[in-house]
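Me: Please pick a single part of this model and take me closely through it. After that, show me how it fits with the rest.

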Amino acid sequence: MTPGSFITLEGIEGAGKSTLAAALTVMLERRGVDIVRTREPGGTPLAERVRAVVLEPGAEALTPVAEMLLMFAARRIHLDNLVRPALARGACVICDRFTDATRAYQGAGRGVAMQLIDHLASLVHDGLQPSATVLLDLPVADGLARARARRGEPDRFEVEETAFFERVRACYLELAHAEPERFIVLDARRPPQELADEAANALLARLSG
Ligand SMILES: Nc1ncnc2c1ncn2[C@@H]1O[C@H](COP(=O)(O)OP(=O)(O)O)[C@@H](O)[C@H]1O
Ligand SMILES: [Mg+2]
């Protein structure tokens, strides 16, 4: 795999992103690829503190624009302090969620203007784009059933209604349709090992040279 590849994983709650990130890391490391596995929002101690602010249900309102700004603030901290240094030394980064999630959740889900999101993305990314993005596509009911079977209290997103996640899922599919050269779309109802094998093969095919 080309050193400095930046791989992002996307999909609704319960789609299997964390499961796939773990499996891909093992499989690619076995092939000698230097992998840094991380997630958004978060990924560094400071950005994880922003994550807690965004995800924890609380009494005080967090409006859609404020939520989006926190996502981009956490993202810039993560890019500056972890992602860019890792890519610069030639590691490949696997990131569980990135700016497509902001488009899907804050844009399609919460109604923030896409133009505003794209504008902030260009400021915060400063030229960096994912080399490839794996979209785990799953019917909303299946994703929510999986996510709710996990231990712990639901976060500020998991409490949303089905229509919210339908908008998120549809937006992800539109983004993938618009950029087929970047996206690898997988049916997330398939068994985890099959998904990991297919994702690894597709990434190695696209990102070697
Ligand atoms: N391909 C799959 N088929 C069935 N269950 C899965 C699959 N991938 C993950 N799971 C299970 O679904 C739940 C959510 O998976 P997770 O990887 O945490 O999703 P995400 O990180 O996208 O929210 C977990 O209990 C996990 O074991
Ligand atoms: Mg996860």
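**Helix H8 and its surroundings**

Reply: Let's start with H8, which lies across strand E1 (6-10), strand E4 (132-137) and E5, and runs at about 165° to E5. Helices (H or I, at least four residues) and strands (E, at least two) are DSSP runs, numbered from the N terminus. Contact here means heavy atoms within 4.5 Å. This is a predicted model, in which local features need pLDDT of at least 70 and side-chain atom pairs count only at pLDDT 80 or more, while totals for chains, interfaces and linings use all residues. Residues are numbered from 1 along each chain as its sequence is written, chains are lettered from A and ligands numbered from 1 in the order in which they are written, and side-chain values use heavy atoms, with hydrogens and water left out.

H8 (residues 192-206) also has a helix partner: its axis and that of H1 (residues 17-30) come within 9 Å and cross at roughly 55°. That angle makes H1 oblique to H8 (under 35 degrees is roughly parallel, over 145 roughly antiparallel, 65 to 115 roughly perpendicular, the rest oblique). Axes are lines fitted to C-alpha atoms, for helices over the stretch in contact, with angles from 0 to 180 degrees between N-to-C directions. The crossing of the two is right-handed, the near helix being turned clockwise from the far one by less than a right angle; anticlockwise would be left-handed.

On the H1 side, the residues that meet H8 are Thr 19, Leu 20, Ala 23, Leu 24, Met 27 and Leu 28. They face Pro 192, Gln 193, Leu 195, Ala 196, Asp 197, Ala 199, Ala 200, Leu 203 and Leu 204 of H8. This contact holds 12 nonpolar residues, two polar and one charged (Ala, Val, Leu, Ile, Met, Phe, Trp, Tyr, Cys and Pro count as nonpolar, Asp, Glu, Lys and Arg as charged, the others, Gly among them, as polar).

Now for the sheet that H8 lies across. Its five strands make an open sheet, in the order E2-E3-E1-E4-E5, with parallel pairing (strands pair if DSSP finds at least two bridges between them). E2 (35-39) and E5 (183-187) are the edge strands, each with a single partner, so one side of each has no neighbour in the sheet. From one strand to the next, the twist averages 20°. E2 pairs with E3 (residues 92-96) over five bridges, in the parallel sense, and Arg 39 has Asp 96 in E3 as its bridge partner.

Following E2 onward, the loop between E2 and H2 holds Pro 41, and the peptide bond from Glu 40 to Pro 41 is cis, with omega near -15°. In the loop between E3 and helix H4 (99-109) sits Arg 97, whose phi is positive, near 80°. Most residues other than glycine have a negative phi, and most peptide bonds are trans.

Another helix pair is H2 (residues 45-55) and H3 (residues 64-88), packed at an angle of about 165° with axes 8 Å apart. The two are therefore roughly antiparallel, and the crossing is left-handed.

To place all this in the whole, the protein chain has eight helices and five strands, following the pattern β-α-β-α-α-β-α-α-β-α-α-β-α. Its C-alpha atoms fill a box of roughly 50 × 35 × 35 Å along the principal axes.
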